[in-house]
Structures are given as C-alpha cells and as structure tokens.
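Let's take a walk through this structure together, one stop at a time. Keep the picture open and follow along as the names come up.

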Amino acid sequence: MTNTGPDVGFTAFTGLIGASGVDGVPGADDARDLTDPEVSPPGVPTTTTPLDEEQTAAHRALVDQWNDRLEGATAEEILDWVNEHVSGTVAVTMSMQDTVLAELTEGRVHDAEMVFLDTGYHFDETLDVAREVDARYSLPLRTVEPAYSVAGQDETYGRDLYKRNPTACCRMRKVEPLARMLDPYEAWISGVKRVDSELRKDTPILDVDRTGRLKINPLAAWTDEDVEAYIESHDLIVHPLTRQGYPSIGCATCTLPVAPGDDPRSGRWANSSKTECGLHL
Ligand code: SF4
C-alpha cells in the first residue's frame, strides 16, 4: 500500500492553521508500520509545545485566585474577566453546532480568534454555518485540518477507519490537529458544559491544561435550555440539523438523530462505547 504522506492545503474562511513543519515524507530510517492506525502520520506535530514555567505558573495563579470567584458569574462577566486578565491571543474553539461563543466573545475579548477543526467528515450544514460565522463576526476564523485528507487516511489505514477504530480516527482528525492549533495561543475558550456528560460534570470555569495554557469554560454552568434561550434572544445563526433531531453534532459519519426525550449526546458514536473525542480529556 502506498503511503500518501500528509496532505494539507485547506483554503476556506479567514485563515488556515495547517500542519506546519510537515515534511510529508517518512524518513528512510523510520521503522514504524506507517499503516498502523496507532502510528500517526510522520512529519507532523501531534502535541502542543508547552508554555514555559513562568507562563504556566502565572496561569495557575490566576486559577487559584479567581476560579471560585468566577463561579456564579455570567458568561459575559467571565469573558470580560478574560479580556482584562489574560495576555496574548485567545483561541475560541467553535464546533459550529451553535454560535454562542462567537456572539459572547465578539467585542468583549479583543485579542481573540475563532478556531474551527475541519475533520473532513462534517455535515455540509456545519460547513455552511462556518461560512456564515465568518461573514457575521469580525473575529478572525482560523481552520485547522488533519494531516491526511479523508482519501489519504483511507489509502494509508484502510477505508472508513472511524468504523473500525474511532479512537484512532478521532486522535488523528481531532485531538492532534487541535494540539497543533493551540500552539500560537496562551489561552483557549471552550463551550463545554457540565450537563454535557458525566465526564464533564465537574468542569471548572478556569483550568490550566497539560501544556500550561489557560482553559476558560464560560458556559460550564449553562444548561441546554440556557443555550436555546440565548440563541433565540440574540437571533443567532442556527445549525439546521439541531432542528431536525440532532441535538449534538459531530462528524456526519458518527452522528445519528436522537429521539425526543433521549440523552442529547446519545447520537454521538451511537454504535460504540465511545462518548468523548478526547479534546477535553
Ligand atoms: S467523530 Fe468519527 S469520523 Fe470524526 S474524527 Fe471521530 S471517529 Fe473520525
């Protein structure tokens, strides 16, 4: 089987955070089995460069000083706090399932960029929302892609890896690109909510990730009803599939509609025991 090497070159939206440093060609002395899904594409960073000790310590001090005080603050107050206390550019992670974070951050956190992970398996409707977000908000929208296109992944690891090994597929198409994406940023804002799942029920407002970056979860205390009310009251862009039985939207290949009253995330990886892609673990 031919190894196609990483392919990059996405050109949508405001900018691309690509697989910088790609050499695209495995070294001659690389003895690993490059068709093994546990082996990521060679020549592409898979981790985020850790911040130095001083920056990490400063972020830990912010968490120690402010986490309890921000508990009970509104999302707007939390983001005002980010604008006042966080130095450096802040990444706003956008799944495009909803656009609440974009609306909250716009005009409130002045040095911020929206970032969107284009797995190559998104619903067309998700990509449409991304285009609308880029048009509506002044914050730059950066996209990041996996090292391999879907075709490259199929050729390297065999067709439809997501069916056979969704953990490896999510690692290479979500976790590792996100790690590359975070490199230029000192802090990132996520839309994780405590009600999302048992694993997320203790999500703090502020956290320091394993690379020393500050992670801010302004929606941690929100319910799904809070999200819907905010979308309605601010006339936000609506992902059409959220009105067609898809309350939680990921890759088209791994997302099924959910019956009314069922767990909103039960449509994600519905045919496997997997419940998290790994981005927030
Ligand atoms: S959600 Fe499915 S298709 Fe998307 S990266 Fe994970 S396993 Fe692959």
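Start with R173, which sits in helix α7. Keep in mind that you're looking at a predicted model. Is R173 buried or exposed? Its relative accessibility is just 3%, and the cut-off for buried is under 20%, so R173 counts as buried. What does the side chain of R173 meet in there? It makes a polar contact with the side chain of Q153, at 2.8 Å. Setting aside residues up to four places away in sequence, R173 also touches a string of others, including L117, T119, Y121, P146 and Y148. S149 and V150 are on that list of contacts too.

Now follow that polar contact across to Q153. This residue belongs to helix α5, which covers residues 150–157, and Q153 is buried there along with G152, D154, T156 and Y157. What covers these buried residues of α5? The cover includes α6 (161–164) and α7. Just past the end of α5 you come to G158, which takes a positive phi of about 95°.

Helix α7 has another part to play, around the ligand. It runs over residues 166–182 and gives 5 residues to the shell there, the largest share. There are 11 residues around the ligand, and the ones that come nearest are C169, C170, C251, T253 and C254. Sorted by class, the shell holds 8 nonpolar residues, 1 polar and 2 charged.

Time to step back and take in the whole chain. You can count 8 helices and 7 strands in it. The chain has 281 residues, and 51% of them count as buried. Its accessible surface comes to about 13100 Å², with 49% of that belonging to carbon and sulfur atoms. What about contacts between residues at least 6 apart in sequence? Of these, 72% join residues at least 24 apart.

Next, look inside. In soluble globular proteins, nonpolar side chains tend to be buried together. Here, the largest nonpolar core has 44 residues, and W81, V100, M114 and L214 touch the most other members. Which helix gives the most to this core? That's α2, residues 75–85, with 5 residues. Zoom in on V100 and, leaving aside neighbours within four places in sequence, you'll find it in contact with L219, W222, V227, Y230, I231 and L236. There's also a second, separate core of 10 residues, and Y121, Y162, M172 and C254 are among them. Two of those names have come up before: Y121 is touched by R173, and C254 is one of the residues that come nearest to the ligand.

From M114 in the big core, hop over to P140. Its C-alpha atom is separated from that of M114 by 6.0 Å, though the two are 26 residues apart along the chain. P140 lies in the loop between α4 (124–136) and β4 (141–144). With a relative accessible area of 22%, P140 is partly exposed, because the cut-off for buried is under 20%.

Finish at E84, back in helix α2. Its relative accessible area is 65%, and exposed means over 50%, so E84 is exposed. For one last distance, the C-alpha atoms of E84 and R108 are separated by 9.8 Å, with the two residues 24 apart along the chain.

Key. Residues are numbered from 1 along each chain as its sequence is written. This is a predicted model: local features need pLDDT of at least 70, side-chain atom pairs count only at pLDDT 80 or more; totals for chains, interfaces and linings use all residues. Side-chain values use heavy atoms; hydrogens and water are left out. A residue is near a molecule or strand if one of its heavy atoms lies within 4 Å of it. Helices (H or I, at least four residues) and strands (E, at least two) are DSSP runs, numbered from the N terminus. Ala, Val, Leu, Ile, Met, Phe, Trp, Tyr, Cys and Pro count as nonpolar, Asp, Glu, Lys and Arg as charged, and the others, Gly among them, as polar. Buried means under 20% relative accessible area, exposed over 50%, partly exposed in between (1.4 Å probe, protein chains only). Contact means heavy atoms within 4.5 Å. Accessible areas come from the Shrake-Rupley method with a 1.4 Å probe; for residues, only the protein chains shown count as cover. A nonpolar core is a set of buried Ala, Val, Leu, Ile, Met, Phe, Trp, Tyr and Cys residues joined through side-chain atoms within 4.5 Å. A polar contact is a pair of N or O atoms within 3.5 Å; within protein, one must be able to donate a hydrogen and the other to accept it, and residues adjacent in sequence count only if both atoms are side-chain atoms.
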